[in-house]
Amino acid sequence: MKKVFAIVLSVVMLFALVACAGGSSLAGTEWKLTSMKAEGIEVGAEFLEGLGINGSLTFTDKEVTISAAGESETGTYTVEGNTITMTADGEDMIATIDGNDIIIDMGADGIMTFTKN
């Protein structure tokens with residue numbers, strides 16, 4: 001009986017690992033632009049919304065839609081550890097997952113922070 005239980009438990013664990021490996025923990029999530037920082041100045045979501053600057057990241061199983069300032073673009077993404085590589089129109093954008101935040105460092109253009117809804 002113990003041997004049968006051990007085999008069944010092993011099979012269940014194997015299926016769980018296969019299911020987890022097939023998708024991303026980002027799938028089905030949406031993230032809202034909550035701050036931007038450039039040239040030492042950081043502004044929050046309320047200020048950005050007052051300027052009409054709204055942004056979001058929406059993830060499905062294989063795609064990400066990046067929306068900002070009334071425009072949106074859909075591309076693909078991969079996750080390795082806490083690093084997300086988003087690709088659209090042949091260009092890569094690298095982001096870091098930090099708890100409930102996704103941080104996109106755009107070098108000289110600044111830093112955008114998105115917070116999970």
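The chain has 2 helices and 9 strands, where helices (H or I, at least four residues) and strands (E, at least two) are DSSP runs numbered from the N terminus. This is a predicted model, in which local features need pLDDT of at least 70 and side-chain atom pairs count only at pLDDT 80 or more, while totals for chains, interfaces and linings use all residues. Residues are numbered from 1 along each chain as its sequence is written, and side-chain values use heavy atoms, with hydrogens and water left out.

**Exercise 1. Describe the chain as a whole: element order, burial and contact range.**

Step 1. Read the order along the sequence. The pattern is α-β-β-α-β-β-β-β-β-β-β.

Step 2. Take the burial. Of the 117 residues, 21% count as buried. Buried means under 20% relative accessible area, exposed means over 50%, and partly exposed lies in between (1.4 Å probe, protein chains only).

Step 3. Take the contacts, meaning heavy atoms within 4.5 Å. Consider those between residues at least 6 apart in sequence: 38% of them join residues at least 24 apart.

**Exercise 2. Trace the pairing of β5, β6 and β7.**

Step 1. Fix the rule. Two strands pair if DSSP finds at least two bridges between them.

Step 2. Start with β5 (71–80) and β6 (83–88). They run antiparallel and are joined by 5 bridges. V79 stands opposite I84 in β6. The two strands form a hairpin with 2 residues between them, and G81 in the turn has a positive phi of about 65°.

Step 3. Go on to β7 (91–98). β6 and β7 pair in the antiparallel sense over 6 bridges. Here T87 stands opposite D92 in β7. This hairpin also has 2 residues between the strands, and D89 takes a positive phi near 50°.

Step 4. Split β6 by face. I84, M86 and A88 make up the covered face, while T83, T85 and T87 make up the uncovered one.

**Exercise 3. Find the partners of β9, then place T113.**

Step 1. Pair β9 with β1. The two run antiparallel, joined by 6 bridges. K37 stands opposite I111 in β9.

Step 2. Pair β9 with β8 (residues 101–105). This pair is antiparallel too, with 5 bridges. The bridge partner of I104 in β9 is M112. A hairpin links the strands, with 5 residues between them, and G107 in the turn has a positive phi of about 65°.

Step 3. Look at T113, which lies in β9. Its relative accessible area is 14%, so T113 is buried. Leave out residues up to four places away in sequence: T113 touches K32, L33, T34, S35, D101, I102 and I103.

**Exercise 4. Count the salt bridges and say which parts they join.**

Step 1. Recall the principle. Side chains of opposite charge can pair when their charged atoms come close.

Step 2. Apply the cut-off: a side-chain nitrogen of Lys or Arg within 4 Å of a carboxyl oxygen of Asp or Glu. The count comes to 1 salt bridge.

Step 3. Name the pair. E49 bridges to K32, with the closest N and O atoms 2.7 Å apart. E49 lies in helix α2 and K32 in strand β1 (residues 30–38), so the pair ties together parts that are 17 residues apart in sequence.

Step 4. Check accessibility. E49, at 37%, counts as partly exposed. K32, at 33%, is partly exposed as well.

**Exercise 5. Characterise the surroundings of I53.**

Step 1. Locate I53. It sits in the loop between α2 (45–50) and β3 (55–59).

Step 2. Classify I53. Its relative accessible area is 30%, so I53 is partly exposed.

Step 3. List contacts beyond four places in sequence. They are L33, M36 and L48.

Step 4. Compare sequence and space. I53 and A69 are 16 residues apart in sequence, yet 5.3 Å apart C-alpha to C-alpha.

**Exercise 6. Describe the largest pocket.**

Step 1. Set the definition. On a 1 Å grid over the protein atoms alone, a pocket is an open set of points where a 1.4 Å probe fits, with protein on both sides within 12 Å along at least five of seven lines; lining residues have an atom within 4 Å of a point.

Step 2. Give the volume. It is about 290 Å³, the space filled by probe spheres set on the points, which are joined across faces, edges and corners.

Step 3. Identify the lining. It has 16 residues, and I66, E73, A88, E91 and M93 lie nearest the centre. β4 (63–68), β5, β6, β7 and β9 (111–116) are the elements that give two or more residues to this lining.

Step 4. Sort by class. The lining has 9 nonpolar, 3 polar and 4 charged residues. Ala, Val, Leu, Ile, Met, Phe, Trp, Tyr, Cys and Pro count as nonpolar, Asp, Glu, Lys and Arg as charged, and the others, Gly among them, as polar.
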